[in-house]
Amino acid sequence: EKIMDAAWKDAKVKESLLNPPPHSAAPMEKGGRLALRTFAEKAYRRPVEEGEVRRLSQFLDLARTKGEQPDFGAKLGMTAVLVSPHFLFRVEEDPKLPEQSRVIGEYELATRLSYFLWSSMPDEELLALAAKGELRKPGVLKAQIARMLKDEKARSLTTDFAGQWLMLRNISG
């Protein structure tokens with residue numbers, strides 16, 4: 001519930017629900033749908049499909065038919081996002097045939113990288129590079145790794161990963 005409350009306080013999410021943009025990429029997409037799309041994309045660490053947005057938007061319709069305020073429906077939709085396997089797990093596509101391997105996608109790479117180095121979800125910069133398909137470009141991945149290692153969040157690599165995997169936590173100081 002704390003995550004949802006923090007997300008609800010996100011000015012972008014609340015603004016898109018209460019004051020829908022006059023023009024958007026898809027004319028039918030208005031405040032509540034946009035708020036849920038924005039929230040789901042952040043939570044799922046990837047773009048969401050139209051079918052996912054449609055399913056989440058059903059909570060807005062439910063709230064409206066029950067006479068509730070739009071924010072009630074949005075909170076229901078956000079709750080659905082937070083219990084989804086796409087939020088709780090890092091879901092990756094399997095190869096088409098069991099004996100085949102596959103190259104991971106840009107968003108999967110951004111997510112793996114961020115959880116390994118930061119123990120957290122990808123930031124806006126990583127997601128933007130993944131969206132443009134530029135994360136694997138020569139020098140970009142190396143530059144991103146250097147940027148991420150300079151960030152304070154990289155401490156988790158040594159405290160969590162090394163502490164657990166190398167059992168450094170068991171060494172008395």
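Trainee: How many residues does helix α3 have, and what distance does it reach from its first C-alpha to its last?

Mentor: This is a predicted model, so every value here is computed from predicted atoms. Helix α3 covers residues 31–44, which is 14 residues, and spans 20 Å between its end C-alpha atoms. That is close to the 20 Å expected at 1.5 Å a residue.

Trainee: How should I think about the directions in which helix residues point?

Mentor: An α-helix has 3.6 residues a turn, so residues three or four places apart point the same way. For α3, look next at which residues are covered.

Trainee: Is α3 mostly covered or mostly uncovered?

Mentor: Mostly covered, with ten of the 14 residues buried. Among the buried residues are G31, G32 and R33 at one end, and A40, A43 and Y44 further along. R37 is also buried.

Trainee: What follows α3?

Mentor: R45 follows α3, and its phi is positive, near 65°.

Trainee: R37 carries a charge pattern I would like to read. What is the general idea?

Mentor: Side chains of opposite charge can pair when their charged atoms come close. The test used here asks for a side-chain nitrogen of Lys or Arg within 4 Å of a carboxyl oxygen of Asp or Glu. The structure holds ten such salt bridges.

Trainee: Which residue forms a salt bridge with R37?

Mentor: E50 does, with the closest N and O atoms 2.6 Å apart. E50 belongs to helix α4 (residues 50–65) and R37 to helix α3, so the pair ties together parts 13 residues apart in sequence.

Trainee: How buried or exposed are the two partners, E50 and R37?

Mentor: E50 is partly exposed, at a relative accessible area of 36%. R37 is buried, at 16%, since buried means under 20%.

Trainee: Which residue pairs with R136?

Mentor: E106 forms a salt bridge with R136, the closest N and O atoms being 3.2 Å apart. R136 sits in the loop between α8 (124–132) and α9 (140–150), while E106 is in helix α7 (residues 106–118), so this bridge ties together parts 30 residues apart in sequence. R136 is partly exposed, with a relative accessible area of 38%, and E106 counts as buried at 15%.

Trainee: Which residues are joined into one network by salt bridges that share partners?

Mentor: R33, R37 and E50 are joined in this way.

Trainee: What is the partner of E108?

Mentor: R102 is, and the closest N and O atoms are 2.6 Å apart. E108 counts as buried at 14% relative accessibility, whereas R102 is partly exposed at 28%.

Conventions: Residues numbered from 1 in each chain as written. Predicted model: local features only at pLDDT ≥ 70, side-chain atom pairs only at ≥ 80, totals over all residues. Heavy atoms only, no water. Helix = DSSP H or I, 4+ residues; strand = E, 2+ residues; numbered from the N terminus. Expected span 1.5 Å × (residues − 1). Buried < 20%, exposed > 50% of the residue type's maximum accessible area, 1.4 Å probe, protein only.
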